[in-house]
Amino acid sequence: MLALTELGQRLRQERESKGLSLEDLQKLTKIQKRYLLGIEEGNYEVMPGKFYVRAFIKQYCEAIGLDTDAIFEEYKSDIPSTQTEDMPQQLSRVRSRKEIPQHTKGVSKAYDYLPTVLVVAGVVVVGIIIWVIAQNIVSDKNKEQANQEAPNSEVQQSNTQEETNETTAKNDNSNSEDEQSAADKKEQEKEKAEKEKAAKEKAEKEKAEKEKAEKEKKDSGKQEYKEVQKTGRSATYALSGTDAFNLEVTSTQADTWLDVKNGKGNAFFSSILKKGETKEFDLTKETEARVNIGYSPGVELKVNGKAVDLPFDSSKQVRQVVTIQYQPAEAQ
């Protein structure tokens with residue numbers, strides 16, 4: 001193993017003081033663990049380039065809350081300076097005529113036949129236009145001859161058609177009025193039903209909220225949250241006098257590792273809690289919950305909507321473990 005540089009020692013000490021492993025830091029920075037280890041050991045040869053050394057060190061410092069500019073100035077002798085790397089030779093080469101794909105020759109031959117194809121297509125289009133015009137002329141002559149042979153018949157048919165149209169229009173108007181009346185009635189009934197449904201849902205919601213508020217008020221009056229013991233960075237509390245066990249965890253200052261398990265070791269959450277994010281857990285069916293906080297500054301806990309203090313001063317004890325033992329009121 002390589003000897004740690006002064007910068008590597010400083011970074012590792014700061015990381016461990018915040019209760020973070022290399023795996024935790026990998027999740028926070030998205031940098032592979034072997035690169036993070038290379039930074040702590042001063043083994044920059046594992047990096048893909050000098051530019052990445054400075055970029056990865058910057059992300060490492062930000063993740064553990066260090067001033068990047070101050071670190072770069074203090075340990076500038078441990079950090080390599082970036083240099084413009086040579087552009088890969090293959091990107092600057094100009095392809096010779098031999099590299100041009102041979103299939104383009106076939107495309108060139110196709111262009112030689114294009115004028116002939118266009119002339120043939122033009123002749124075909126002109127022929128179609130002439131045929132359509134001739135058909136229209138013949139059709140017009142036939143219509144004119146038919147009109148001259150039976151003028152009286154057309155007048156009678158026209159009068160009959162007008163009478164039929166008037167009768168049909170009257171019937172259509174009557175049917176349209178009936179249909180409109182039925183549609184209006186149906187729409188009114190639909191609106192009435194929707195209003196009644198909305199009013200019913202609103203009343204049920206208000207009733208549920210009122211019952212919930214009364215229950216929370218009743219429970220909060222009897223709820224007890226007492227410290228049982230403290231040791232090292234761990235503390236145990238007893239929750240009683242309530243029929244609910246709802247836990248809220250919020251991180252207000254920075255990302256933190258959060259692990260919430262029940263007394264049997266089953267995990268409800270085990271990941272990074274982002275800054276400004278809140279996680280809620282319904283633990284009413286559990287008898288015990290263990291909350292492991294990797295970076296406690298700015299972390300807030302609420303039990304059944306009521307804020308509770310962390311067991312230790314977060315400026316002195318960054319990582320804290322809180323165990324809550326729950327006994328429902330109905331079982332007491």
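Which side chains meet in a salt bridge at 2.9 Å, N to O? Keep that one in mind while you get your bearings; this tour reaches the pair at the third stop.

**Stop 1: the whole chain**

Start with everything shown as a cartoon. What you have open is a predicted model, so colour it by confidence before anything else. The protein chain averages a pLDDT of 80, and 74% of the residues score at least 70. Now select residues 84-108: here the pLDDT is below 50. Beyond near neighbours in sequence, that stretch has three contacts in the model. Go easy on reading anything into the way it is drawn.

Switch to colouring by secondary structure. You should find eight helices and ten strands. Of the 332 residues in the chain, 24% are buried. If you turn on a surface, you are looking at about 23800 Å² of accessible area, and 49% of it belongs to carbon and sulfur atoms. Contacts can also be sorted by how far apart the partners sit in sequence: among those with a separation of 6 or more, 64% join residues 24 or more positions apart.

**Stop 2: leucine 7 and its company**

Select leucine 7, which you'll find in helix α1. Is leucine 7 buried or exposed? It is buried, with a relative accessible area of 0%. Next, show what surrounds this side chain. Leaving aside neighbours within four places in sequence, leucine 7 is in contact with Tyr44, Ile57, Ile71, Tyr75, Asp78 and Ile79. Try the distance tool too: pick the C-alpha atoms of leucine 7 and isoleucine 39, and you should get 8.4 Å, although the two residues are 32 apart along the chain.

**Stop 3: a charged trio**

Stay with helix α1 and show arginine 12, arginine 15 and glutamate 40 as sticks. Here is the reply to the opening question: the side chains of glutamate 40 and arginine 12 meet in that 2.9 Å salt bridge. Glutamate 40 belongs to helix α3 (residues 33-41) and arginine 12 to helix α1 (residues 6-17), so the pair ties together parts that are 28 residues apart in sequence.

Glutamate 40 has a second partner. Its side chain also meets that of arginine 15 in a salt bridge, at 2.8 Å from N to O. Once more the link runs between helix α3 and helix α1, this time across 25 residues. Taken together, Arg12, Arg15 and Glu40 are linked in a network of salt bridges.

Why does this happen at all? Side chains of opposite charge can pair when their charged atoms come close.

Now check how much of the trio you can see from outside. Glutamate 40 counts as buried because its relative accessible area is 0%, under the 20% cut-off. Arginine 15 is buried as well, at 6% relative accessibility.

For another setting, jump to glutamate 73 and lysine 76. They form a salt bridge whose closest N and O atoms are 3.5 Å apart. Lysine 76 counts as exposed, at 53% relative accessibility. The count for the model comes to twelve salt bridges, so keep hunting if you like.

**Stop 4: the strands and their core**

Select Phe245, Leu247, Val249 and Leu258. Within the largest nonpolar core, which has 24 residues, these four touch the most other members. Several strands each supply at least two residues of this core, including β2 (234-240), β3 (246-251), β4 (256-262) and β10 (320-326). Apart from it lies another core, of 22 residues, among them Leu7, Leu11, Tyr44 and Phe72. Yes, that is leucine 7 from the second stop.

Zoom in on leucine 247. Not counting residues up to four places away in sequence, its contacts include Phe281, Leu283, Val291, Val303 and Ile324.

**Stop 5: a nonpolar patch on the surface**

Head for helix α7 (residues 104-149) and pick tryptophan 131. This tryptophan is exposed, with a relative accessible area of 56%. Add Val120, Val124, Ile128 and Val132: with Trp131 they form a nonpolar patch on the surface, with about 490 Å² of accessible area together.

**Stop 6: two backbone oddities**

Finish in the loops. Lysine 30 sits between α2 (22-29) and α3, and has a positive phi of about 65° although it is not a glycine. This lysine is exposed, at 69% relative accessible area. Then select asparagine 304, in the loop between β8 and β9 (306-308). Asparagine 304 has a positive phi too, about 55°, and is not a glycine either. It is partly exposed, at 22%.

Note on methods. Residues numbered from 1 in each chain as written. Heavy atoms only, no water. pLDDT = per-residue confidence, 0-100. Contact = heavy atoms within 4.5 Å. Patch = residues over 30% accessible without salt bridge, like charges linked within 9 Å, V, L, I, M, F, W, Y side chains within 5 Å. Areas by Shrake-Rupley, 256 points an atom, 1.4 Å probe, with all protein chains shown as cover. Salt bridge = Lys/Arg side-chain N within 4 Å of Asp/Glu carboxyl O. Helix = DSSP H or I, 4+ residues; strand = E, 2+ residues; numbered from the N terminus. Buried < 20%, exposed > 50% of the residue type's maximum accessible area, 1.4 Å probe, protein only. Core = buried A, V, L, I, M, F, W, Y, C linked by side-chain atoms within 4.5 Å.
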